[in-house]
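Me: I am new to this structure and would like to be guided through it by questions and answers. Please begin with the overall layout.

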Amino acid sequence: MAKLKTLEDLKRIREEAQQTLKIRLDTGTTITVGMGTCGIAAGARDTMRAILDELAGRDIDAHVATVGCIGMCAREPLVDIQQANQPRVTYGNVLPAMVPRLIEEHLIRGAVIEEWVVGRIEPAVQG
């Protein structure tokens, strides 16, 4: 991370963080791509690029993040999708060619692609 040298640098970083938070809150959608060494070796960079391109091409606002290895190396590239008040769904072996279907069915139609799922975490219960 670059060193902050001026108050303007700090303001710029604050504005970027606020925009990222706004996207998360407005869309309620976070897509997380496993980018540990195992994920990268399995092609996660290309999968991540395909996700970003597909979102941009469809003009979909979603927060896209990366994480390290979570121990399911044989299922890399891993992609998590979490939408507001829905389970976090982890898809395994997600290749770039699969991304258009993933975005269409899960993000747009709200239908989980069961044959690709390797796990899910239910949202926390409020109360």
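Reply: This is a predicted model. Along the sequence, its helices and strands follow the pattern α-β-α-α-β-β-β-α-β.

Me: How many helices and strands does the protein have?
Reply: The pattern α-β-α-α-β-β-β-α-β can be counted symbol by symbol. The result is four helices and five strands.

Me: What share of the residues counts as buried?
Reply: A residue is called buried when its relative accessible area is under 20%. The protein has 127 residues, and the share of them that counts as buried is 33%.

Me: What part of the exposed area do carbon and sulfur atoms supply?
Reply: The protein exposes about 8,000 Å². Of that area, carbon and sulfur atoms supply 52%.

Me: Which residues have the most contacts inside the largest nonpolar core?
Reply: This core has 22 residues. Elements that each supply at least two of them are β1 (29-34), α3 (44-57), β3 (79-83), β4 (88-91) and α4 (99-108). The residues with the most contacts inside the core are I31, I51, L55, V79, Y91 and L102.

Me: Which element gives the largest share of this core, and what does I51 contact beyond its neighbours in sequence?
Reply: The largest share of the core is five residues, and it comes from α3. When neighbours within four places in sequence are set aside, the contacts of I51 are I31, V33, V64, V79 and V99.

Me: Is V94 buried or exposed?
Reply: V94 is placed in the loop between β4 and α4. Residues up to four places away in sequence aside, V94 touches T47, P77, V79, V99 and L102. Its relative accessibility is 0%, and the limit for a buried residue is under 20%, so V94 counts as buried.

Me: How far apart are the C-alpha atoms of V94 and G43?
Reply: Along the chain, V94 and G43 are 51 residues apart. In space, their C-alpha atoms are separated by 8.8 Å.

Me: Against which elements do the buried residues of α4 pack?
Reply: In α4, the buried residues are V99, L102, I103, E105, H106 and L107. An α-helix has 3.6 residues a turn, so residues three or four places apart point the same way. The buried residues of α4 pack against β1, α3, β3 and β4.

Me: Which residue with a positive phi follows α4?
Reply: The phi of this residue is near 75 degrees. The residue is G110.

Me: How many disulfides are there by the distance rule?
Reply: A disulfide is a covalent bond between the sulfur atoms of two cysteines. The rule asks for two cysteine sulfur atoms within 2.5 Å. For C38, the nearest cysteine sulfur is that of C73, 3.5 Å away, and C38 is in no disulfide. By this rule the count of disulfides is zero.

Me: Does C73 count as buried, exposed or partly exposed, and what is its relative accessibility?
Reply: Partly exposed residues lie between the limits of under 20% for buried and over 50% for exposed. C73 therefore counts as partly exposed, with a relative accessibility of 41%.

Me: Which element gives the largest share of the lining of the largest pocket?
Reply: The largest pocket has a volume of about 220 Å³. It is lined by 17 residues, and T32, V67, D80, R88 and T90 lie nearest its centre. The elements that give two or more residues to the lining are β1, β3, β4 and β5 (117-121). The largest share, four residues, comes from β1.

Technical notes:
Residues numbered from 1 in each chain as written. Predicted model: local features only at pLDDT ≥ 70, side-chain atom pairs only at ≥ 80, totals over all residues. Heavy atoms only, no water. Core = buried A, V, L, I, M, F, W, Y, C linked by side-chain atoms within 4.5 Å. Buried < 20%, exposed > 50% of the residue type's maximum accessible area, 1.4 Å probe, protein only. Contact = heavy atoms within 4.5 Å. Areas by Shrake-Rupley, 256 points an atom, 1.4 Å probe, with all protein chains shown as cover. 1 Å grid on protein atoms, 1.4 Å probe; cavity = no way out; pocket = protein on both sides within 12 Å on 5 of 7 lines; lining within 4 Å. Points joined across faces, edges and corners; volume = space filled by probe spheres on them.
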